[in-house]
Amino acid sequence: MAQQQYIKHLYEKEECSIAEISRRVGVNWRTAAKYAKKDDWNKPIQQTKRRQPVMEPFLDIVDTWLMEDMLKPRKERRTAASIHRQLVKEHGFQGSDRTVRAYVSFRKKELYAEAQEKYLRLEHPPGRAQVDFGTSHMVWDGALREIKYLAFSFPYSNAGFCIPLPCENTECLLYAMIRVFEWIGGVPPEIWFDNLSAAVASVGKGEQRELTETFRRFMLHYRFEAKFCNASKGNEKGHVENKVGYTRRNWLIPYPTVSSYEELTAELYRLALEDMQRPHYEKKVTIAELWEEDKKALLPLPTIPFEPVRFETARVNKYGQVQFHGEVYSVPSAQIGERVLLKLWWDRVEVFSRNEERLASLPRRYTLKTQPIDWKGYFRIFIRKPRGARHATMYRFLPEQVRQYLEECDPAQYQERLKFIHTLLEEGFTIEAIAQALEEATKCQAYHALDSALIRHKLYRITFPDTPLEILNETYTPDSVRRYTPEIKAYDRLVPQAARKGGELRGQAIVEGAM
């Protein structure tokens with residue numbers, strides 16, 4: 001109406017020509033003439049729906065087919081002609097092709113309008129999803145490492161899924177989304193995102209977004225519509241913001257101990273299905289029941305899989321390596337100076353020659369951020385609460401030798417040993433060095449009889465292996481004593497068995513032990 005009023009204003013007040021109005025408003029000249037010269041602005045009476053006596057018994061059937069087709073790719077939807085043929089063949093329809101065409105054209109417009117109205121009426125329609133990254137930690141090869149994870153939530157049912165990832169780049173984002181699509185057997189028709197760099201190249205005014213080329217192809221392949229929050233308005237996808245925190249608190253704490261991303265992914269999928277058995281926080285039915293409604297609104301998966309990859313070119317240096325974005329890979333089969341094509345997956349890099357020959361397939365060398373465990377701080381807690389120490393989250397990540405040393409003793413000694421380990425940590429020794437010292441000391445004595453002085457001795461030798469012992473240069477001992485060479489055989493007389501064979505060797509061993 002505002003545009004129509006502006007056209008009328010230009011024509012009546014500014015006396016613009018129809019051609020000029022068409023140019024200034026950006027409409028067809030017929031449209032400009034229609035509203036510029038319009039005199040009757042009464043709202044027309046809405047026409048009532050015409051009865052379809054021939055179509056009446058088949059309306060529900062055709063409506064079902066049309067609603068079903070709305071979930072399919074356009075090229076797989078039924079045409080009015082095919083609907084007519086199917087009605088005739090399967091249901092004995094007696095009407096004409098023109099009757100079916102008219103109804104299908106009219107009903108499609110109504111169904112689209114109903115879908116739009118339903119979208120505006122419902123805050124969270126079934127099938128819509130929200131996506132966001134989160135950060136947590138896991139224990140990998142005995143070290144505490146930082147990981148990313150993609151939280152995928154469905155606000156209608158409160159269902160959610162989680163995929164652990166090494167990074168927040170485009171390859172990881174698309175890989176995680178494909179995994180979720182495969183899990184749920186479909187594609188959400190609409191997905192909300194932050195303005196994450198893995199999908200958005202630049203943010204313009206309002207809703208203007210320049211998407212990355214790979215992400216745009218991904219959208220077209222799976223036919224979903226991407227919605228992006230306004231800058232600094234993460235609350236516009238508040239459901240997934242909450243799901244990121246819920247996932248971390250309930251599925252990733254205490255920190256999982258894993259040896260691969262695949263292992264953790266399988267465990268998180270199991271937890272996601274298990275979580276659906278709880279009741280919805282507001283609707284008083286289980287999430288699993290509501291999830292069935294979500295699944296009905298999903299688009300079908302495409303028959304052709306999408307490769308979530310990015311391509312880069314690089315030149316082989318004189319060491320037979322290629323570099324990109326701080327990652328270095330050795331490709332011995334490539335020629336020095338050769339330009340190669342890198343096909344980057346989320347977890348591997350494939351190297352191709354100019355002739356498209358695959359030269360290598362290498363694991364992706366992401367930098368997993370190792371977080372040092374503050375054992376000094378934890379032992380400070382342990383010695384204050386010795387009875388709760390074994391139940392602490394990080395206690396199970398202690399090196400095996402340290403845990404055995406602490407646990408294979410009397411309860412009365414347990415706190416003393418905690419204090420001893422804490423003292424060593426305070427002096428600057430690492431928990432790994434302490435574990436090695438305990439292992440070496442155990443070869444000399446049993447755990448229950450380990451002497452703290454022996455442990456310290458082993459620890460110093462491990463920590464400072466190349467430091468030679470200082471020559472003892474004291475002046476109190478007389479030269480006659482210093483230069484005295486003991487007669488080894490004299491010691492045999494102190495032992496009754498000295499006359500036996502090997503007695504001389506035993507006497508020598510005693511002297512060496514004393515020295």
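In this predicted model, 4 strands form an open sheet. Their order is 9-12-13-14, and the pairing is antiparallel. Strand 9 (310-315) and strand 14 (358-363) are the edge strands, each pairing on one side only. On average, and with direction ignored, neighbouring strands of this sheet are turned by 25° against each other. Within the sheet, strand 12 (residues 339-344) and strand 13 (residues 348-352) run antiparallel and are joined by 4 bridges. Across this pair, L344 stands opposite V349 in strand 13.

Nonpolar side chains were examined next. In soluble globular proteins, such side chains tend to be buried together. The largest nonpolar core here has 62 residues. F152, L173, F215 and F224 have the most contacts inside this core. Helix 7 (residues 170-184) supplies the largest share, 11 residues. A second core is separate and holds 33 residues, including M394, V402, F420 and L454.

F224 shows how one residue of the largest core is surrounded. Neighbours within four places in sequence are left aside here. The contacts of F224 then include three phenylalanines, F193, F215 and F218. Two prolines, P188 and P189, also touch F224. The remaining partners are M177, V187, I191, M219 and L299. F215, itself among the residues with the most contacts inside the core, is thus listed as a direct partner of F224.

Charged side chains give a second kind of link. Side chains of opposite charge can pair when their charged atoms come close. A search of the whole structure finds 23 salt bridges. One of them joins R107 and D63, with an N to O distance of 3.1 Å. R107 lies in helix 6 (residues 97-121) and D63 in helix 4 (residues 59-69), so this pair ties together parts that are 44 residues apart in sequence. Is this pair buried or exposed? Buried means under 20% relative accessible area. R107 has 12% relative accessibility, so R107 counts as buried. D63 has 10%, so D63 counts as buried too.

Other salt bridges form inside a single helix. R217 pairs with E213, and their closest N and O atoms are 2.7 Å apart. Both residues lie in helix 8 (residues 213-222). They are 4 residues apart, so about one helical turn separates them. R217 is partly exposed, with a relative accessible area of 35%. E213 is exposed, because its relative accessible area is 52% and exposed means over 50%. R270 and E274 also meet in a salt bridge, at 3.0 Å from N to O. These two residues lie in helix 10 (residues 261-275), again 4 residues apart, about one turn of the helix. R270 has 40% relative accessibility and counts as partly exposed.

Salt bridges also link residues in a network, made up of E171, R310, E312 and R364.

Confidence varies along the chain. The average pLDDT is 81, and 84% of the residues score at least 70. Among the elements of the chain, helix 7 has the highest mean pLDDT, 94. Helix 7 is also the source of the largest share of the 62-residue core. The lowest mean pLDDT, 47, belongs to helix 19 (residues 503-514). Over residues 509-515 the pLDDT is below 50. Beyond near neighbours in sequence, this stretch has 2 contacts in the model.

Definitions and conventions. Residues numbered from 1 in each chain as written. Predicted model: local features only at pLDDT ≥ 70, side-chain atom pairs only at ≥ 80, totals over all residues. Heavy atoms only, no water. Core = buried A, V, L, I, M, F, W, Y, C linked by side-chain atoms within 4.5 Å. Buried < 20%, exposed > 50% of the residue type's maximum accessible area, 1.4 Å probe, protein only. Contact = heavy atoms within 4.5 Å. Salt bridge = Lys/Arg side-chain N within 4 Å of Asp/Glu carboxyl O. pLDDT = per-residue confidence, 0-100. Pairing = 2+ DSSP bridges. Axes fitted to C-alpha atoms, helices over the stretch in contact; angles between N-to-C directions.
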